[in-house]
Structure formats: structure tokens, C-alpha cells
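Student: Please take a close look at one loop and then work outwards from there to whatever surrounds it. I would like the cut-offs stated as the terms come up.

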Amino acid sequence: MINSFSHKHLLDIERLSAADVTSIIELAGMYASQNRSDNKKSAQLAGKIVVNLFFENSTRTRTSFDIAAKRLGADVVNVPVEVSSVKKGETLLDTALTIDAMQVDAFVIRHSEAGLPEYISKHVKGSVLNAGDGTHAHPTQALLDAMTLLQCKGNLKGLNIAICGDIEHSRVARSNISLLNKFGAKVRIIAPRQFMPGDLSKLGVEAFDSMESGLVGMDAVMMLRIQHERLTSGEFSMSAEKYHKQYGLDHEKLGIAKPDAIVLHPCPINRGVEISSALADDANRCVIWKQIENGVAVRMACLDLLLR
Ligand code: CP
């Protein structure tokens with residue numbers, strides 16, 4: 001039974017209630033089954049147009065939003081921003097208003113500036129879905145991670161989960177912390193000093209600076225890559241080898257967590273840096289392929305609930 005869903009935009013996790021999150025994940029569960037059947041396509045969003053506006057690189061989010069919209073019968077326009085008139089000096093708002101004037105139904109926006117999707121949402125008629133904005137939020141990633149945790153662990157309440165690595169620059173960490181706190185999970189972050197978030201006291205998490213102490217008793221471990229694109233020069237100078245030794249996860253360090261602990265990663269992974277290649281490829285412990293599959297179903301649910 002899906003509760004009423006009254007949002008026009010999906011900008012962050014904070015604006016969603018626990019009931020909204022549950023509605024999205026329940027509907028995504030239905031779509032996940034449909035996506036494994038012979039009849040993957042439906043017509044819920046026939047006649048709607050979804051526009052992908054990605055100003056930052058993406059493989060998973062962009063492709064899965066594209067597939068999600070098409071599976072629901074919508075038409076998708078991927079705006080090639082590299083060859084768009086943004087390069088001739090047009091502002092992002094003018095670009096969005098231009099596309100909005102073509103009577104489209106939704107914008108899926110990724111941008112390096114925190115708050116950009118919300119700013120656009122205040123000016124366009126279509127729905128805006130945040131596909132990642134700077135270090136602020138990546139709501140559909142947190143939703144697909146929660147769906148994966150529920151599939152593997154059954155419940156979020158009381159679940160012990162460690163989020164490890166470059167927390168300071170991670171929108172994935174912020175959206176996950178917000179969602180997991182809403183559902184009563186016990187969240188730890190493990191990071192070197194340079195990657196501890198400046199807003200740590202507001203996050204409602206326990207903080208550790210070593211994997212050896214932070215991983216004890218964990219049901220799930222979420223690894224993050226170092227977000228070099230957001231680092232200023234000289235901000236972090238540890239070699240990849242040293243980082244892997246101290247903060248990378250391999251089977252040996254995972255042994256500190258509970259025996260049935262699972263490993264999540266939003267990807268892209270950097271093998272041999274934040275995660276060992278052997279662990280990344282161990283489908284008994286590492287659930288990245290489940291996360292990616294759930295990404296399509298969650299984005300179908302979000303588009304369906306926002307646009308229908
Ligand atoms: N998880 C994630 O956002 O991946 P992409 O950058 O490939 O979209």
C-alpha cells in the first residue's frame with residue numbers, strides 16, 4: 001500500500017518523511033521485480049518528457065535515470081552540456097528556462113554547486129530531481145542504498161553501519177546519514193582527519209579515525225572513494241598505497257566487523273585504494289551490483305511518484 005506522496009521535486013532526503021521513503025522503496029520493490037521479468041516496460045509516464053542535465057560526470061545515475069524513464073514509457077532527452085549554449089555564456093537558469101519553455105515534465109540535474117537543483121526548481125514548471133549537487137545531497141543514491149540494506153538485513157532500525165573515507169566531500173554520505181538517522185540506524189563515520197566533515201556535530205553520528213576501532217560490531221560498511229575533483233591542491237597528499245593500508249577495506253579488515261557484514265559502495269570504485277579488488281569482486285560480501293540494479297527501480301519509483 002503506497003501512502004500519498006505530495007512532493008513535486010526530489011531535492012534531498014531531509015524533505016522526505018519516513019513514510020515518503022517507505023513509499024518510494026516499496027514501489028521500487030515492485031519495479032525491481034518487473035525489471036527482472038520479460039515485461040520490463042509499462043506506460044505510466046507515456047507522453048511525459050524527462051530531461052537529463054548532467055554538468056558533472058556520471059555513469060550509473062545518468063544511465064539509470066535514462067533507463068528508468070524509458071521503462072515507464074516516458075521520452076528522455078539527454079542534453080549534451082559540453083556542446084550546449086552554456087559554452088557560449090548562457091546561464092544555467094536560462095538554459096533550464098529554455099528547456100522548460102518546450103513544456104517538458106522533469107529535469108534530472110547533476111551539478112558541482114550545492115543547491116543548484118533547488119535554485120532551478122524555484123523557476124521552472126517541471127519537476128526537478130537532484131542527481132547530485134556538490135557536497136550537498138544525492139537523494140536517489142541514499143534511497144537505493146536503503147533498499148539494498150533492507151533486502152540484505154531486513155530492517156534499518158538498530159542497524160550498525162559505518163561510512164568510511166572521504167566524508168567531508170561526500171554528498172552520498174550526507175544523504176545516507178540523513179536517511180539512516182530517520183530510521184533509527186546507528187551510524188558511524190570513519191575517516192582520516194582531513195576527511196572528517198566540518199559539520200560533524202550536526203550529523204548525529206559517532207566518529208572514528210581508525211578502521212580497526214570503527215569497524216567493530218558493524219552490520220554494514222559503506223566505502224567511499226576520495227573525491228579528487230573536490231579537493232584543493234595540497235589538501236590531501238597521502239599516497240594511494242598508504243591510504244589503502246590505513247583506510248582501505250579488504251577481507252582482513254572486514255573481519256573486524258560482524259561475520260555477516262556486507263559492503264556497499266556508491267561507485268565508481270578505485271580498486272586498491274578505498275577497497276581491495278578481491279573484496280570488490282566478492283559478491284558474497286560486496287553488494288555493489290545489487291545497489292546498481294536497485295538504482296533503476298528506485299529512480300522509476302521516484303519518477304512515477306513525482307510525475308503521475
Ligand atoms: N553513484 C553515482 O552517483 O555514480 P555515478 O557518478 O556514475 O552516477
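Tutor: Asp282 sits in the loop between helix 11 (277-280) and helix 12, where helices (H or I, at least four residues) and strands (E, at least two) are DSSP runs numbered from the N terminus. In this predicted model, local features need pLDDT of at least 70 and side-chain atom pairs count only at pLDDT 80 or more, while totals for chains, interfaces and linings use all residues. Residues are numbered from 1 along each chain as its sequence is written, and side-chain values use heavy atoms, with hydrogens and water left out.

With a relative accessibility of 16%, Asp282 counts as buried; buried means under 20% relative accessible area, exposed over 50%, and partly exposed in between, for a 1.4 Å probe and protein chains only. Its C-alpha atom is separated by 9.7 Å from that of Val263, 19 residues away along the chain.

From there we can turn to the sheet that contains strand 9. Five strands form an open sheet in the order 7-6-5-8-9, with parallel pairing, two strands being paired if DSSP finds at least two bridges between them. Strand 7 (206-208) and strand 9 (262-264) stand at its edges with a single partner strand each, so one side of each has no neighbour in the sheet. From one strand to the next the twist averages 25°. At the strand 7 edge, strand 6 (residues 186-190) is joined to strand 7 in parallel by three bridges, and Arg188 stands opposite Glu206 in strand 7. Helix 5 (residues 139-153) lies across strand 5 (160-164), strand 8 (220-223) and strand 9, and runs at about 170° to strand 9; axes are lines fitted to C-alpha atoms, for helices over the stretch in contact, and angles run from 0 to 180 degrees between N-to-C directions.

The other side of the loop leads to helix 12 and the packing of the interior. In the largest nonpolar core, which has 91 residues, the members that touch the most other members are Leu129, Leu143, Leu149, Ile163, Leu249 and Leu303; such a core is a set of buried Ala, Val, Leu, Ile, Met, Phe, Trp, Tyr and Cys residues joined through side-chain atoms within 4.5 Å. Helix 12 (residues 288-307) supplies the largest share of this core, 11 residues. Domain 1 (18-137 + 295-307) and domain 2 (139-291) both give residues to the core, so it lies between them; these bounds come from an automatic or database domain assignment. The centres of the two domains, taken over C-alpha atoms, are 26 Å apart, and 25 residues from domain 1 and 22 residues from domain 2 take part in the contact, where contact means heavy atoms within 4.5 Å.

Within that core, Leu249 is in contact with Met211, Leu215, Val221, Met223, His244, Leu254, Val263, Glu274, Ile275, Ser276 and Leu279, leaving aside its neighbours within four places in sequence. Apart from this core lies another, of 16 residues, among them Leu11, Val51, Ala96 and Ile120.

Val51 takes us to strand 1. Five of the six residues of strand 1 are buried, so the rest of the structure largely encloses this strand. Strand 1 (residues 49-54) pairs in the parallel sense with strand 2 (residues 75-78) over four bridges, with Ile49 opposite Asp75 and Val50 opposite Val76. Five bridges, again in the parallel sense, pair strand 1 with strand 3 (residues 106-111), and there Phe107 is the bridge partner of Val51. Together with helix 2 (residues 60-71), strands 1 and 2 make a right-handed β-α-β unit, right-handed meaning that, with the strands pointing away from the viewer, the path from the first strand over the helix to the second runs clockwise. Val77, in strand 2, is partly exposed at 38% relative accessibility, and its contacts beyond four places in sequence are Ile49, Val50, Val51 and Asn52.

Finally, His136 lies in the loop between strand 4 (127-133) and helix 5. His136 is partly exposed, with a relative accessible area of 29%. Not counting residues up to four places away in sequence, His136 touches Leu11, Asp12, Ala114, Gly115, Asn130, Arg171 and Arg174.
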